[in-house]
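Q: I have a structure in front of me that I have not met before, and I would like to learn how to read its features one by one. Could you take me through it slowly?

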Amino acid sequence: MSSSDPTVQPVPASVVERVDAADVTLSNPKRAVISLGSNLGNRLETLQGAVDALEDTPGLRVKAVSPVYETEPWGVEPGTQATYFNAVVLVKTTLPPSSLLDRGHAIEEAFERVRDEHWGPRTIDVDIVAYQDVVSDDPLLTLPHPRAHQRAFVLVPWYDVDPQAEFPGRGAVSALLDEVGKDGVEVRTDLELRLPE
C-alpha cells in the first residue's frame with residue numbers, strides 16, 4: 001500500500017497512548033492453576049466447554065491443558081456415582097483471584113452445576129488450585145486450594161503439564177505426588193482436550 005493512499009491516515013498520538021496504556025494492564029500477568037472435573041452428562045464436552053470459556057475470559061489466556069484422567073469420586077461410597085474426568089489448566093491472567101473465582105462460578109452455572117449435596121455428582125467443578133505464589137486464608141477463596149496437595153486427581157495432571165511446578169507453601173508437586181501416589185488416576189489416552197486456537 002503506497003503512502004500516497006488517501007485512505008491511510010496517521011494514527012493520532014492520543015490513540016497510541018491509549019493503546020500503550022491498555023497494553024500495560026496486560027503486562028505482568030499472574031500464573032494460575034485451575035482444576036476441572038466432571039462426572040455428569042457428556043464429561044469430555046463439558047471439560048472442553050470450560051476450557052473454551054476460560055480462554056474467552058477477558059484478561060485471561062490458557063497456556064496449557066493436561067491430558068484427561070479418569071478417577072473415582074472423592075468422599076463417597078464406591079459405585080454410587082459415575083467416574084470423573086479430570087484435567088488441569090494453566091493460565092496467565094491479569095484478573096485478581098476474586099474475579100477469577102467469579103468466572104469459575106459463572107462457568108459452573110453455565111453448565112448447570114448443582115450444589116445440593118457435599119461431594120455430590122456435578123456437571124463441572126472449576127477450582128482455583130493456585131494463583132501465583134499467593135497464600136491466603138480468606139474464607140471465600142483459600143489459596144492455594146486447602147486440600148489439593150492431598151489429591152492425586154489434581155497433582156497428576158498438574159505435574160503432567162508442569163513437571164517443575166511448586167505448590168505454594170508445600171514444595172514441589174513431584175514430591176507431593178510421591179507421598180500421595182497415583183492410584184486410581186487413569187490417563188485416558190483416547191480422549192483429548194484442545195488448547196483454544
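A: What follows goes from the overall layout to a helix, its charged pairs, and then the spaces inside and on the protein.

Q: Where should I begin, and what kind of model is this?

A: Begin by keeping in mind that this is a predicted model, and then take stock of the elements along the chain. The secondary structure of the protein chain comes to five helices and eight strands, and read from the N terminus these follow one another as α-β-α-β-β-β-α-β-α-β-β-α-β.

Q: How much of the protein chain counts as buried?

A: Burial is judged from the relative accessible area of each residue, with under 20% taken as buried. Of the 197 residues in the protein chain, 40% count as buried by that cut-off.

Q: And what share of the contacts joins residues at least 24 apart in sequence?

A: When contacts between residues at least 6 apart in sequence are considered, 70% of them join residues that are at least 24 apart.

Q: How can I check the length of a helix such as α2?

A: A helix can be checked by comparing an expected span with the distance between its ends, and α2 offers a worked case. Helix α2 covers residues 43-55, and at 1.5 Å a residue its 13 residues should span 18 Å, while its end C-alpha atoms lie 19 Å apart, which agrees.

Q: Is α2 mostly covered or mostly open?

A: Helix α2 is mostly covered, since ten of its 13 residues fall under the 20% cut-off and are buried. Among these buried residues are Leu47, Ala50, Val51 and Leu54, and the charged residues Arg43 and Glu55 also belong to the list. What covers them includes the strands β1 (30-38), β2 (60-65), β3 (69-71) and β4 (84-93), together with helix α3.

Q: How should I read charged residues, and with which residue does Arg43 form a salt bridge?

A: The general idea is that side chains of opposite charge can pair when their charged atoms come close. In this structure the count comes to five salt bridges. One of them joins Arg43 and Glu70, whose closest N and O atoms are 3.7 Å apart. Arg43 lies in helix α2 and Glu70 in strand β3, so this pair ties together parts that are 27 residues apart in sequence.

Q: Which residue pairs with Glu55, and are the two partners buried or exposed?

A: Glu55 meets Arg61 in a salt bridge with an N to O distance of 3.4 Å. The partners differ in burial class, because Glu55 is buried at a relative accessible area of 14%, whereas Arg61 is partly exposed at 43%.

Q: Which residues are linked in a network of salt bridges?

A: Arg43, Glu70, Arg188 and Asp190 are linked in such a network. Within it, Arg188 forms a salt bridge with Asp190, their closest N and O atoms being 2.8 Å apart. Arg188 counts as partly exposed at 21% relative accessibility, while Asp190 counts as exposed at 53%.

Q: Turning to enclosed spaces, how many cavities of 30 Å³ or more are there, and what lines the largest cavity?

A: The count comes to one cavity of that size, and its volume is about 50 Å³. Its lining consists of Ile34, Leu54, Leu100, Leu101, Gly104, His105, Val126 and Ile128. The elements that give two or more residues to this lining are α3 (97-110) and β5 (125-131), and α3 gives the most, with four residues. Sorted by class, the lining has six nonpolar, two polar and no charged residues.

Q: Could we look at one lining residue, Val126, and ask what it touches?

A: Val126 has its place in strand β5 and is buried, with a relative accessible area of 8%. Leaving aside residues up to four places away in sequence, Val126 touches Ile34, Ser35, Leu36, Gly104, Ile107 and Glu108. The C-alpha atoms of Val126 and Arg103 are separated by 9.2 Å, although the two residues are 23 apart along the chain.

Q: Finally, how much space lies in the second largest pocket, and which residues are closest to its centre?

A: A pocket, in contrast to a cavity, is open. The second largest pocket holds about 220 Å³ of space, and of the 15 residues lining it, Arg31, Val33, Leu90, Trp158 and Asp162 are the closest to its centre. Strands β1 and β4 are the elements that give two or more residues to this lining. By class, the lining of this pocket has eight nonpolar, one polar and six charged residues.

Note on methods. Residues numbered from 1 in each chain as written. Predicted model: local features only at pLDDT ≥ 70, side-chain atom pairs only at ≥ 80, totals over all residues. Heavy atoms only, no water. 1 Å grid on protein atoms, 1.4 Å probe; cavity = no way out; pocket = protein on both sides within 12 Å on 5 of 7 lines; lining within 4 Å. Points joined across faces, edges and corners; volume = space filled by probe spheres on them. Expected span 1.5 Å × (residues − 1). Buried < 20%, exposed > 50% of the residue type's maximum accessible area, 1.4 Å probe, protein only. Contact = heavy atoms within 4.5 Å. Salt bridge = Lys/Arg side-chain N within 4 Å of Asp/Glu carboxyl O.
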